Amino acid sequence: MSRLFFLPRLFRMLALSLLLATSAAHADEASALAQKVYDRPNGRDLVTLGRMVLTEKGRAPRIRELVTYRLDKANGETANLIRFLDPEDIAGTGLLSIDQADGSTDQWLYLPALDRVRRISSDRKGGRFVGSDLYFEDLQERKPSEDRHRLLGKQTENGILCDVLESVPVDPDNSVYRKRILWVDPATAIVQRTDYFEKDSDTPSKRWLLRGKKRNQGYWTLTDSRVIDLASGHETRMVIDSALYDQKLPTKLFTSQALADENLESEYRP
């Protein structure tokens with residue numbers, strides 16, 4: 001009789017153990033996918049020439065030409081420099097981002113009209129970059145360890161059956177977003193869509209969509225993408241016209257001196 005009494009309890013314990021093991025396996029799978037996205041081959045360095053197109057209802061599109069530089073350093077640090085080339089009212093404006101190995105990021109903005117380099121404070125992560133739908137945080141590289149990841153299932157996006165990945169900040173104060181949901185092509189680890197949820201909303205505030213990609217020097221280049229403000233319909237389109245990988249960019253290119261002086265970086269443009 002006593003053995004029969006303990007059987008249901010034993011079954012419950014076994015079921016709980018199985019559930020915990022399954023949950024842990026799913027969490028590991030989600031983290032592995034996030035790491036795979038982060039580790040997708042992208043060259044030691046990259047130079048791109050392209051356009052930012054701002055579109056809003058009732059106005060003609062505003063087109064801005066820009067050049068970008070990226071360098072992955074051996075110590076786990078990543079440096080990015082963005083420089084606007086045209087039109088005249090924004091030409092010369094630049095942003096330098098240094099993503100540290102520990103996950104922190106330092107950013108500096110150069111405004112030609114003021115002829116000064118200004119550090120972007122961490123509490124401005126949610127500030128819009130030069131009037132676009134990109135926040136300063138969107139221009140930082142976020143490490144997978146900064147978020148908790150969960151697989152939500154599979155869904156088709158861009159004609160591809162994607163893994164849907166939810167990423168929630170481990171430290172809520174470390175992001176302007178409450179969570180992000182990504183649609184990831186499991187074959188290439190290329191994100192096809194991202195929905196961004198800000199802290200005061202249960203619905204996404206904006207959406208990033210991939211609209212074009214191509215192989216270049218053995219690497220996938222994302223040639224056409226869009227960020228849409230879902231409330232206003234305002235859209236920022238990013239188009240890459242040319243991309244050059246592994247150009248042996250020097251570290252001096254990613255300094256406040258080069259940010260303030262176009263002559264120090266113009267020779268590396270495509």
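Start by selecting Glu 77: at a relative accessible area of 13%, this residue is buried. Now add Lys 73, which is partly exposed at 26%. The two form a salt bridge, with the closest N and O atoms 2.9 Å apart. You're looking at a predicted model, and this pair belongs to a set of 25 salt bridges in the structure.

**Before going further, colour by confidence**

The chain averages a pLDDT of 91, and 90% of its residues reach 70 or more. Now pick residues 18–23, where the pLDDT is below 50. Beyond near neighbours in sequence, that stretch has zero contacts in the model.

**Stop: Asp 195 and its two arginines**

Select Asp 195 and show its side chain. Which residues pair with this acid? One is Arg 193, with the closest N and O atoms 3.0 Å apart. Another is Arg 207, where the closest N and O atoms are 2.7 Å apart. Arg 207 sits in strand S11 (residues 206–216) and Asp 195 in strand S10 (residues 191–198), so this pair ties together parts that are twelve residues apart in sequence.

Buried or exposed, how do these residues come out? Asp 195 and Arg 193 are both buried, with Asp 195 at a relative accessible area of 4%. Arg 207 counts as partly exposed, at 22% relative accessibility.

While you have charged side chains on screen, add Arg 83, Glu 262, Glu 265 and Arg 269. Salt bridges with shared partners join these four into one network.

**Stop: strand S13 and its partners**

Switch to cartoon and select residues 235–245, which make up strand S13. Then add residues 45–55, strand S1. The two run antiparallel and are joined by ten bridges. To find your bearings along the pairing, label Leu 49 and its bridge partner in S13, Ser 242.

Next, bring in strand S12, residues 219–229. S12 also pairs with S13 in the antiparallel sense, this time over five bridges. A handy marker here is Val 227, whose bridge partner in S13 is Thr 236. Follow the backbone from S12 into S13 and you trace a hairpin with five residues between the strands. Pause on Gly 233 in that turn, which has a positive phi of about 85°.

**Stop: backbone oddities in three loops**

Select Asp 86 and Pro 87 and look at the peptide bond between them. Cis or trans, which is it? The bond is cis, with omega at about 5°. Pro 87 is in the loop between strand S3 (78–86) and strand S4 (94–99).

Now jump to Asp 115, in the loop that links strand S5 (105–111) and strand S6 (116–120). Asp 115 isn't a glycine, yet its phi is positive, about 50°. At 56% relative accessibility, this residue counts as exposed.

Then try Asn 158, in the loop between strand S7 (147–157) and strand S8 (160–169). Asn 158 is another non-glycine with a positive phi, about 60°. Its relative accessibility is 39%, so it counts as partly exposed.

**Stop: His 149**

Stay with S7 and select His 149, which lies in that strand. The residue is buried, with a relative accessible area of 12%. What does its side chain reach? A polar atom of the His 149 side chain is 3.4 Å from the backbone oxygen of Asp 147. The side chain also makes a polar contact with the side chain of Ser 167, at 2.8 Å. Expand the selection to contacts outside four places in sequence and you'll pick up several residues, including Ala 27, Ala 30, Ser 31, Ala 34, Pro 144 and Leu 165.

**Last stop: Glu 137**

Finish at Glu 137, in the loop between S6 and S7. Glu 137 is buried yet has no salt bridge. Where is the nearest side chain of opposite charge? That would be Arg 142, 4.1 Å away, and a salt bridge here needs the nitrogen within 4 Å of the carboxyl oxygen. The Glu 137 side chain does reach the backbone nitrogen of Val 176, at 2.8 Å. Leaving out residues up to four places away in sequence, Glu 137 touches Lys 125, Arg 142, Ser 175, Val 176 and Tyr 177. Show those five as sticks to see what surrounds this acid.

Definitions and conventions:
Residues numbered from 1 in each chain as written. Predicted model: local features only at pLDDT ≥ 70, side-chain atom pairs only at ≥ 80, totals over all residues. Heavy atoms only, no water. pLDDT = per-residue confidence, 0-100. Contact = heavy atoms within 4.5 Å. Buried < 20%, exposed > 50% of the residue type's maximum accessible area, 1.4 Å probe, protein only. Helix = DSSP H or I, 4+ residues; strand = E, 2+ residues; numbered from the N terminus. Pairing = 2+ DSSP bridges. Polar contact = N/O pair within 3.5 Å; in protein donor to acceptor, adjacent residues only side chain to side chain. Lys, Arg positive; Asp, Glu negative; His and termini not counted.
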